[in-house]
Amino acid sequence: MTTTADATITSAPTEDYTQYPEYKASRLVWSIFPPILIFFGTIGNMMSIVVLNRKPMRESTVSIYLTALSVMDMLVLYTGLMRQWLRVVIELDVRVISEMSCKIHIWLVYFTLDMSVWLLVSVTIERCVSVMFPYTVKQYYTRCTALVNIAVIAVLLLALNSHYLYGLGDVQTTTDGERTIERCVSLWNGYEQFEFQVWPWIDLCVFSLIPLIVLIIANISIIQKILTRRRNARRINPVVSTITSEQKRYQDKKTSSMTIMLLVLNLVFFVCTTPISVYLIGEPYWLDDLTPRQEAVLSLVWAIANMLQYTNNSINFLLYCISGSRFRNTLKDLFQRRNRVRPSNSMTMLRNSQREAGASGNGGGGNMCNGGNENGTSPNTLHV
């Protein structure tokens, strides 16, 4: 019995879960990684918007979806990740500033996260249709159609997540004459049950399961169609096959580049978003009868799951560069063109000086002998 009592006394200081190394590690994760992801995510998404709207890229409707995706990814970083970082660094939570900030912030966070996912689904479906029906796709998938699709998806997702606008708020309670206010909590018991037991499953389906199923089916269809075309091309007469391959080589190259890029995006999406979806499903069941050590471990798991999710919104530019040859070429052309523009002024000055020197040197009767024309100008100045 003495040993048990001594053990209890010894473990007393660790009854506070914040004293465990797992909790301290979670604080480090929240302090270090968010500013890095926000910084590189902002630069990367802005670069993506610039490159996607260059002439070689903006001809495709895919650029519209990916541009919208870059905008949504930045909103995710600044509404979701920024809030978490400020909570740890300066202990400021925008959700407790006012009841309205609570409602709107949560509504926007869930909307931007869902919108980012469904933009990826939309662009993958569009690519699947273009591969399956290459000759009729332009009749149905135009830039106007893409904009309408994005608007419809946005309205539906805003409506789906609108329950936060009327289900959350500030609750005042009075105990022994003392009034307390709970910020950003469920306004009634029925909604609390919905939020913690029903909504996580809906959110899992909308944010992860349904998009994943659609993405898998679409990508398998794309790969199967491309392989079938290549097999059929080999069976054709070699002469006809050569002519056909020459005519379709450029189109197949563009399709393959976009397909690879979307496959990589889909894979990274699955890896980065599955952990937090699983966590949110299990959270209501894991929070019962937790020991302080288990609570500290869960805080670390929550931090890592969030970092993975926000990484998905920060690295799309890098994925485009790695997997998309058209994107890389457009990016290279962007920088090379800037490098070509810079020396243009000096070249113009050099050519002007040559013109002046040629004109002054050919002022006498020897202008024709020096290769000049009747006006005494050097042949080199004719192309300036």
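**Pocket, cavities and helix packing in a predicted model**

The largest pocket encloses about 1400 Å³ of space. I should say at once that the structure before you is a predicted model. A total of 46 residues line this largest pocket, and those closest to its centre are Arg83, Gln84, Arg87, Glu283 and Trp302. Seen by element, two or more lining residues come from each of α2 (21-52), α4, α5, β2 (178-186), α9 (189-235), α10 and α11 (292-312). In terms of class, the lining of the largest pocket consists of 26 nonpolar, eight polar and twelve charged residues.

Let me turn from the pocket to the enclosed spaces. How many cavities of 30 Å³ or more does a search of the whole structure find? The search returns three. The largest cavity has a volume of about 80 Å³. Its lining is formed by Leu69, Asp73, Ser116, Val117, Leu120, Leu265, Phe269, Asn312 and Asn316. The elements contributing two or more residues to that lining are α4, α5 (99-132) and α10 (238-286). Of these, which gives the most to the lining of the largest cavity? That element is α5, with three residues. The lining of the largest cavity divides by class into five nonpolar, three polar and one charged.

I now come to the helix packing, beginning with the pair α2 and α11. The axes of these two helices lie 8 Å apart, and the packing angle is about 15 degrees. Since angles under 35 degrees count as roughly parallel, α2 is therefore roughly parallel to α11. The crossing of α2 past α11 is left-handed. On the α2 side, the contact is made by Glu22, Tyr23, Ala25, Ser26, Val29, Trp30, Phe33, Pro34 and Leu37. On the α11 side, it is made by Arg293, Ala296, Val297, Ser299, Leu300, Trp302, Ala303, Asn306, Met307, Tyr310 and Thr311. By class, this contact of α2 with α11 comprises 14 nonpolar, four polar and two charged residues. Please note Trp302, a contact residue of α11, which is also listed among the residues closest to the centre of the largest pocket.

The next pair is α4 and α7. Helix α4 spans residues 62-89 and helix α7 spans residues 143-160; they pack at an angle of about 30 degrees, their axes being 9 Å apart. By the cut-off of 35 degrees just used, α4 is thus roughly parallel to α7. Is the crossing of α4 past α7 left-handed or right-handed? It is right-handed. Helix α4 makes the contact through Ser63, Ile64, Tyr65 and Ala68, while α7 does so through Arg143, Ala146, Leu147, Asn149 and Ile150. The classes in this contact of α4 with α7 are six nonpolar, two polar and one charged.

Helix α7 also meets α5. Their axes come within 9 Å and cross at roughly 145 degrees. Here α5 passes α7 in a crossing that is right-handed. The residues of α5 in contact are Trp107, Phe111, Asp114, Met115, Trp118, Leu119 and Ser122, and those of α7 are Ile150, Ile153, Ala154, Leu157 and Leu158. Ten nonpolar, one polar and one charged residues make up the contact of α5 with α7. Ile150 of α7 takes part in this contact with α5 and also in the contact with α4.

To close, I return to α4 and α5. Both helices give two or more residues to the lining of the largest cavity, and both do so for the largest pocket.

Notes: Residues are numbered from 1 along each chain as its sequence is written. This is a predicted model: local features need pLDDT of at least 70, side-chain atom pairs count only at pLDDT 80 or more; totals for chains, interfaces and linings use all residues. Side-chain values use heavy atoms; hydrogens and water are left out. Axes are lines fitted to C-alpha atoms, for helices over the stretch in contact, and angles run from 0 to 180 degrees between N-to-C directions. Helices (H or I, at least four residues) and strands (E, at least two) are DSSP runs, numbered from the N terminus. Angles under 35 degrees count as roughly parallel, over 145 as roughly antiparallel, 65 to 115 as roughly perpendicular and the rest as oblique. A crossing is left-handed if the near helix is turned anticlockwise from the far one by less than a right angle, and right-handed if clockwise. Contact means heavy atoms within 4.5 Å. Ala, Val, Leu, Ile, Met, Phe, Trp, Tyr, Cys and Pro count as nonpolar, Asp, Glu, Lys and Arg as charged, and the others, Gly among them, as polar. On a 1 Å grid over the protein atoms alone, a cavity is a set of points where a 1.4 Å probe fits but cannot get out, and a pocket is an open set with protein on both sides within 12 Å along at least five of seven lines; lining residues have an atom within 4 Å of a point. Grid points are joined across faces, edges and corners, and a volume is the space filled by probe spheres set on the points.
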